[in-house]
Every structure is written in C-alpha cells, then in structure tokens.
Amino acid sequence: MSPEQFFEGMSRLAAAVNVVTTSDGTTRGGLTASAVTSLTGEPPMLLACVNRTAGTHSLLVDCGRFAVNVLPASAVEVAMTFAGMAGLQGEERFGVGDWVTGEIDQPVLADALVSFECVVESLVTRGTHDIVIGEVRAVHLGPDAEPLLYLGRQFGTFDAD
C-alpha cells in the first residue's frame with residue numbers, strides 16, 4: 001500500500017468539519033480539522049488530531065486549552081480560511097466569522113452547531129500528529145442547522161431526504 005492509496009481511501013470517509021481554536025489571552029490560533037471525535041461521557045472528553053507542524057499546535061500545547069467548533073453548512077468560508085486556503089495567517093483568520101470568547105476564554109464561533117471548550121488532559125504522539133485529548137469544560141449549543149461535511153476532498157452537506 002502506498003501513501004497515495006491511503007489518502008485516496010481516507011478521502012472517501014465522510015467527516016464533520018470543525019475548527020479547533022486556542023488562545024493564551026493575547027494570541028489566538030486555529031485550524032480546520034476533520035479528525036475530531038468524542039472519547040468518553042464520564043468525564044466528558046473528546047479528542048482532536050493536530051499536525052505538529054501546524055502553527056496552532058505550539059500555542060495549543062503551551063496554553064493547555066482549546067475549543068472545537070462544529071461548523072454549519074453555511075461556514076465554508078470559515079473552513080477554508082482556517083485550512084489555510086485564503087492566504088490568511090494567525091489572528092487574521094479570525095476576521096472571517098463571528099468569534100466570541102467562551103467560558104474558559106477560548107475562541108468560539110457564534111453560529112457553530114456546537115462548540116466544546118476543553119482543557120488538555122493529555123497528548124499522544126503518533127506519526128506527524130498529536131492526538132490532543134481534552135476534558136470538556138463548557139458546551140455552547142448553536143442553531144439547529146445542516147452540518148458542513150468533508151468528502152472526496154470537497155465540502156458539502158448531507159441530504160437526509
């Protein structure tokens with residue numbers, strides 16, 4: 001099996017689109033991620049896979065807090081911006097979307113389907129990524145809307161009909 005075969009296979013795995021954000025109180029960072037999932041309900045925990053070469057990685061590790069913002073279908077521009085497709089870096093990315101400060105001072109997208117604010121419980125390094133395990137400290141429920149999905153290297157929605 002080649003890396004290309006693996007990536008092609010993974011492109012066929014539909015996933016929710018999320019923006020993982022972090023802030024140390026003076027600097028904010030964020031990235032688009034599809035490798036996010038729940039881990040346990042008691043205590044409430046989730047995990048996000050973050051590339052160690054991403055600019056946001058060191059900020060997230062240093063401040064020990066982050067938020068996972070689950071994007072609605074209307075937030076394609078936010079997803080593309082935080083995926084680095086708009087040419088914006090760092091703080092400039094927060095000019096796209098309506099960002100507010102959450103309960104534990106993390107950047108939360110106001111119209112996200114849901115945002116989870118977490119403290120880092122542990123990091124597990126595998127290959128090029130860290131699996132960031134976060135204990136959820138706050139949940140912000142947003143509007144009931146269609147989710148933004150990623151499949152076949154493109155953004156889309158799910159039509160249940």
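Which residues does Gly102 touch, not counting residues up to four places away in sequence? Hold on to that one for a moment, everybody, while I set the scene.

What you see is a predicted model, where local features need pLDDT of at least 70, side-chain atom pairs count only at pLDDT 80 or more, and totals for chains, interfaces and linings use all residues. Residues are numbered from 1 along each chain as its sequence is written, and side-chain values use heavy atoms, with hydrogens and water left out.

Now, back to the opening question. Gly102 touches Val108, Glu117 and His140, where contact means heavy atoms within 4.5 Å. You will find Gly102 in the loop between strand E7 (99-101) and strand E8 (107-109). Helices (H or I, at least four residues) and strands (E, at least two) are DSSP runs, numbered from the N terminus. Gly102 counts as buried because its relative accessibility is 14%; buried means under 20% relative accessible area, exposed over 50%, and partly exposed in between, with a 1.4 Å probe and protein chains only. Val68 is 34 residues away from Gly102 along the chain, and their C-alpha atoms are separated by 11 Å.

That same loop, between E7 and E8, also holds Asp105. Its phi is near 65°, a positive value in a residue other than glycine. Asp105 has a relative accessible area of 47%, so it is partly exposed.

Let's step back to the whole chain. There are three helices and twelve strands. Why does the radius of gyration agree with a compact globule? For 161 residues such a globule would come out near 15 Å, and the chain has 15 Å. That radius is taken over C-alpha atoms, and the globule rule is 2.2 Å times the number of residues to the power 0.38. The C-alpha trace spans about 40 × 40 × 35 Å along its principal axes. Of the 161 residues, 37% are buried. Take the contacts between residues at least 6 apart in sequence: 63% of them join residues at least 24 apart.

On to the sheets. Seven strands make an open sheet in the order E3-E2-E6-E9-E10-E5-E4, with antiparallel pairing. Two strands pair if DSSP finds at least two bridges between them. At the edges are strand E3 (28-33) and strand E4 (36-41), each pairing on one side only. From one strand to the next, the twist averages 30°. As a reminder, strands of a sheet pair through backbone hydrogen bonds, either parallel or antiparallel.

Please look at strand E2 (residues 18-23), which six bridges join to E3 in an antiparallel run. Thr21 stands opposite Gly30 in E3. E2 and E3 form a hairpin with four residues between them, and Gly25 in the turn has a positive phi of about 105°.

My favourite residue here is Thr22, also in strand E2. Is Thr22 buried or exposed? It counts as buried, because its relative accessibility is 0%. The side chain of Thr22 reaches the backbone oxygen of Arg65 at 2.6 Å. That is a polar contact: a pair of N or O atoms within 3.5 Å, where within protein one must be able to donate a hydrogen and the other to accept it, and residues adjacent in sequence count only if both atoms are side-chain atoms. Leaving out residues up to four places away in sequence, Thr22 touches a number of others, including Thr56, Leu59, Leu60 and Cys63.

Helix H2 (residues 55-63) lies across several strands, among them E2 and E3, and runs at about 55° to E2. Axes are lines fitted to C-alpha atoms, for helices over the stretch in contact, and angles run from 0 to 180 degrees between N-to-C directions.

One stop on the way out of this sheet: a cis peptide bond joins Glu42 and Pro43, with omega about -5°. Pro43 lies in the loop between E4 and E5.

Finally, the other sheet. Three strands form an open, antiparallel sheet in the order E1-E11-E12. Three bridges join strand E11 (residues 149-151) to E12, and Leu149 stands opposite Gly156 in E12. In the loop between E11 and E12 sits Arg153, which has a positive phi of about 65° although it is not a glycine. Arg153 is touched by Ser11, a residue in the loop between helix H1 (3-10) and E1. Ser11 is buried because its relative accessible area is 11%, whereas Arg153, at 48%, is partly exposed.

Thanks, everyone!
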